[in-house]
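Please look over the sequence and the structure shown here before reading on. The report below takes up charged side-chain pairs and then the packing of two helices.

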Amino acid sequence: MKIDIISCQPGLIDGFFSQSIVKNAIQSNLVEIKTHDLRPFGNGNYRQIDDYQYGGGAGMVLMIEPLAKLIRQLQEKTTYDQVIYLTPDGKTLNQKSVNKLSLSKNLLMICGHYKGIDERVRELFVTQEISIGDYVLSGGEIAAAVLTDAIVRLIPGVINDETSALTDSFQDDLLAPPVYTRPADFEGAKVPEILMSGNEKLINDWRLEKSIERTTQRRPDLLPK
Ligand code: 6GU
C-alpha cells in the first residue's frame with residue numbers, strides 16, 4: 001500500500017511515523033508513506049498557500065491553486081483509490097470504514113489548516129471526507145496520523161500475532177474483554193481462575209460474556225438492535 005499525505009507541516013507527520021508500529025511497517029516494505037509539503041507549490045516569491053476568505057470573516061483558507069498543482073502532480077504518477085480530506089465536518093471515522101480503506105492500494109490524504117480549504121478543492125478532487133471525532137483540532141495532521149495508524153496496523157504482517165487485530169475492540173461490534181498477565185495475585189487482586197484453567201472453550205465463553213457485559217455497560221449504542 002502507498003499513502004501520500006499533503007500537509008503544510010509535514011514534519012508533524014514524519015515525526016509520528018518515525019516511531020511506532022507504522023515505522024516497522026515502512027521498514028518491512030509493507031507500506032510506503034510519503035508526506036508532501038504544500039509550501040513549495042505556493043503562489044509567487046512568497047510561496048503563498050493561504051488567503052483571506054471571500055465575504056469576510058476571521059481565519060485563513062488554503063488556496064486552490066497550490067493544492068490543485070500538487071494533487072495533479074501526484075495523480076500523474078499514481079491512481080488513488082480515494083482522495084481523503086481530513087476535516088471536522090467529514091463522516092466520523094469508525095472501524096468499518098478503516099477496514100474498507102485498509103484494502104486500498106493507494107490513498108491520498110489532504111490535511112487542512114486554519115479555516116479549512118477552498119470548497120472547490122473538495123468538489124473537484126476529494127472523494128471522501130473524514131473526521132476523527134466531534135471536537136476540533138488545529139490541523140488535519142494528527143487526524144491523518146490517526147487514520148494512517150488505524151489502517152496500517154490492519155495490513156497483513158504488520159502486527160506479529162496475525163489474529164491480534166481481529167480481536168480488537170470494535171472489530172465485531174463489541175469492546176474487547178479484560179486482559180491479564182503475571183502475577184496471578186497482586187496484593188490480593190487476583191486473575192480470574194477461568195483464564196488459568198487451560199480450558200479453551202470455557203475461556204472463549206468467558207471472554208465473550210465479558211465483552212458483551214462491557215459493551216452493554218459502556219457502549220450500548222454498539223450492540224445490535
Ligand atoms: Cl479530520 N481535522 C480537524 N482539524 N479537526 C478534527 C478532525 C479533523 N476530526 C476531528 N476534529
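## Salt bridges in the model

The structure, which is a predicted model, holds eleven salt bridges. Side chains of opposite charge can pair when their charged atoms come close. Three of these pairs are described here, together with a network.

One salt bridge joins the side chains of K2 and D4, with a distance of 3.8 Å from N to O. Both partners are on the buried side of the classification, K2 as well as D4.

## A pair between helix α5 and strand β5

The side chains of R122 and D89 meet in a salt bridge at 2.8 Å, again taken from N to O. This pair links distant parts of the chain, since R122 belongs to helix α5 (residues 119-124) and D89 to strand β5 (residues 82-92), and the two are 33 residues apart.

The two partners fall into separate accessibility classes: R122 counts as buried because its relative accessibility is 13%, which is under 20%, whereas D89 counts as exposed because its relative accessibility is 52%, which is over 50%.

## A pair between a loop and helix α4

D173 and K96 form a further salt bridge, in which the closest N and O atoms are 3.6 Å apart. D173 lies in the loop between α6 (141-152) and β8 (185-186), while K96 lies in helix α4 (residues 95-101), so the salt bridge ties together parts of the chain that are 77 residues apart in sequence.

How accessible is D173, and into which class does it fall? With a relative accessibility of 33%, D173 counts as partly exposed, whereas K96, at 56% relative accessibility, counts as exposed.

Beyond single pairs, salt bridges that share partners join D89, E119, R122 and E129 into one network, and the pair of R122 and D89 described above has both of its residues in that network.

## Packing of helices α1 and α6

Helix α1 (residues 10-17) packs with α6 at an angle of about 30 degrees, and the axes of the two helices are 9 Å apart. Because angles under 35 degrees count as roughly parallel, α1 is roughly parallel to α6. The crossing in which α1 passes α6 is right-handed.

Which residues bring the two helices into contact? On the side of α1 they are L12, I13, F16 and F17, and these meet E141, A145, T148 and D149 in α6. Sorted by class, the contact of α1 with α6 has five nonpolar residues, one polar residue and two charged residues.

Notes. Residues are numbered from 1 along each chain as its sequence is written. This is a predicted model: local features need pLDDT of at least 70, side-chain atom pairs count only at pLDDT 80 or more; totals for chains, interfaces and linings use all residues. Side-chain values use heavy atoms; hydrogens and water are left out. A salt bridge is a side-chain nitrogen of Lys or Arg within 4 Å of a carboxyl oxygen of Asp or Glu. Buried means under 20% relative accessible area, exposed over 50%, partly exposed in between (1.4 Å probe, protein chains only). Helices (H or I, at least four residues) and strands (E, at least two) are DSSP runs, numbered from the N terminus. Axes are lines fitted to C-alpha atoms, for helices over the stretch in contact, and angles run from 0 to 180 degrees between N-to-C directions. Angles under 35 degrees count as roughly parallel, over 145 as roughly antiparallel, 65 to 115 as roughly perpendicular and the rest as oblique. A crossing is left-handed if the near helix is turned anticlockwise from the far one by less than a right angle, and right-handed if clockwise. Contact means heavy atoms within 4.5 Å. Ala, Val, Leu, Ile, Met, Phe, Trp, Tyr, Cys and Pro count as nonpolar, Asp, Glu, Lys and Arg as charged, and the others, Gly among them, as polar.
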